[in-house]
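Student: I'd like a close look at one part of this structure, please, and then how it fits in with its surroundings. Take it step by step, since I'm new to this.

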Amino acid sequence: MPIHLRTLQRAVTENDYIELAQLIPSVSKAGIVYKGDKKVYVYVVPKGGGLASNSLLNEVVLFFEDKKMITTTVEAYPA
């Protein structure tokens, strides 16, 4: 089943965050750290490798604004 159908474009579980982040065209790989404190830390590797730029990190945070649970904060960092 395609990722966008499996997650229904909502980020609830750790796997949802990883799979949705990988739908961003400029993201190659993603991982997260979620400690249950209402903060999700998304670590991204850009397509082509290297470190994620600030603009890509901002893109990731904005991408999750309408997909995350309302009480959750998303922060993005280079992997």
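Tutor: Let's settle some words before we zoom in: a residue is buried when its relative accessible area is under 20%, exposed when it is over 50%, and partly exposed in between. One caution too: what you're looking at is a predicted model.

Let's get our bearings. The protein chain contains three helices and three strands, and they come in the order α-α-β-β-α-β as you read along the sequence. The chain has 79 residues, and 33% of them count as buried. Its accessible surface is about 4800 Å², with 58% of that belonging to carbon and sulfur atoms.

The part I'd pick is Glu75 and whatever sits around it. You'll find Glu75 in strand S3. Is it buried or exposed? Neither, in fact: its relative accessible area is 22%, so Glu75 is partly exposed.

Now look for its partner. Glu75 makes a salt bridge with Lys39, and the closest N and O atoms of the two are 3.5 Å apart. Because Glu75 belongs to strand S3 and Lys39 to strand S2, this pair ties together parts that are 36 residues apart in sequence. Lys39 comes out at 32% relative accessibility, so by our cut-offs Lys39 is partly exposed as well.

What else does Glu75 touch, leaving aside its neighbours within four places in sequence? Besides Lys39, Glu75 is in contact with Val40, Tyr41, Val42 and Val61. You can also look at Ile32: it is 43 residues from Glu75 in sequence, yet their C-alpha atoms are 9.8 Å apart in space. For the chain as a whole, take the contacts between residues at least 6 apart in sequence: 42% of those join residues at least 24 apart.

Let's follow one of those contacts, Val40. This residue sits in strand S2, and its relative accessible area is 2%, so Val40 is buried. Not counting residues up to four places away in sequence, Val40 touches Tyr17, Ile32, Val33, Tyr34, Thr72, Thr73, Val74 and Glu75. Tyr17 deserves a second look: 23 residues separate it from Val40 in sequence, while the C-alpha atoms of the two are 8.6 Å apart.

Staying in strand S2, move along to Tyr43. Its relative accessibility is 30%, so Tyr43 counts as partly exposed. Together with Val33 and Tyr77, Tyr43 makes a nonpolar surface patch of about 220 Å².

Next, bring helix H3 into the picture, which runs over residues 54-64. Which of its residues are buried? They include Leu56, Leu57, Val60 and Phe64. If you look down the axis of H3, the buried residues fall within an arc of 100 degrees, so they line one face of the helix. There's a general point behind this: an α-helix has 3.6 residues a turn, so residues three or four places apart point the same way. Asn54, Ser55 and Leu62, on the other side of H3, are exposed. And what do the buried residues of H3 pack against? They pack against H2 and against strands S1 (27-34), S2 (39-46) and S3 (73-78), so Glu75's own strand is among the partners of H3.

Just ahead of that helix, in the loop between S2 and H3, is Ser53. Ser53 and Pro78 are 25 residues apart along the chain, with 7.6 Å between their C-alpha atoms. At 36% relative accessibility, Ser53 is another residue that counts as partly exposed.

Let's end by going back to salt bridges. How many does a search of the whole structure find? It finds two. Apart from Glu75 with Lys39, there is one in which the side chains of Asp66 and Lys67 meet, at 2.9 Å from N to O. Try the cut-offs on this pair: Asp66 has a relative accessible area of 52%, so it is exposed, whereas Lys67 has 9%, so it is buried. For Glu75 and Lys39, the values were 22% and 32%, so both residues count as partly exposed.

How values were computed:
Residues numbered from 1 in each chain as written. Predicted model: local features only at pLDDT ≥ 70, side-chain atom pairs only at ≥ 80, totals over all residues. Heavy atoms only, no water. Buried < 20%, exposed > 50% of the residue type's maximum accessible area, 1.4 Å probe, protein only. Helix = DSSP H or I, 4+ residues; strand = E, 2+ residues; numbered from the N terminus. Arc of directions from axis to C-beta. Contact = heavy atoms within 4.5 Å. Patch = residues over 30% accessible without salt bridge, like charges linked within 9 Å, V, L, I, M, F, W, Y side chains within 5 Å. Areas by Shrake-Rupley, 256 points an atom, 1.4 Å probe, with all protein chains shown as cover. Salt bridge = Lys/Arg side-chain N within 4 Å of Asp/Glu carboxyl O.
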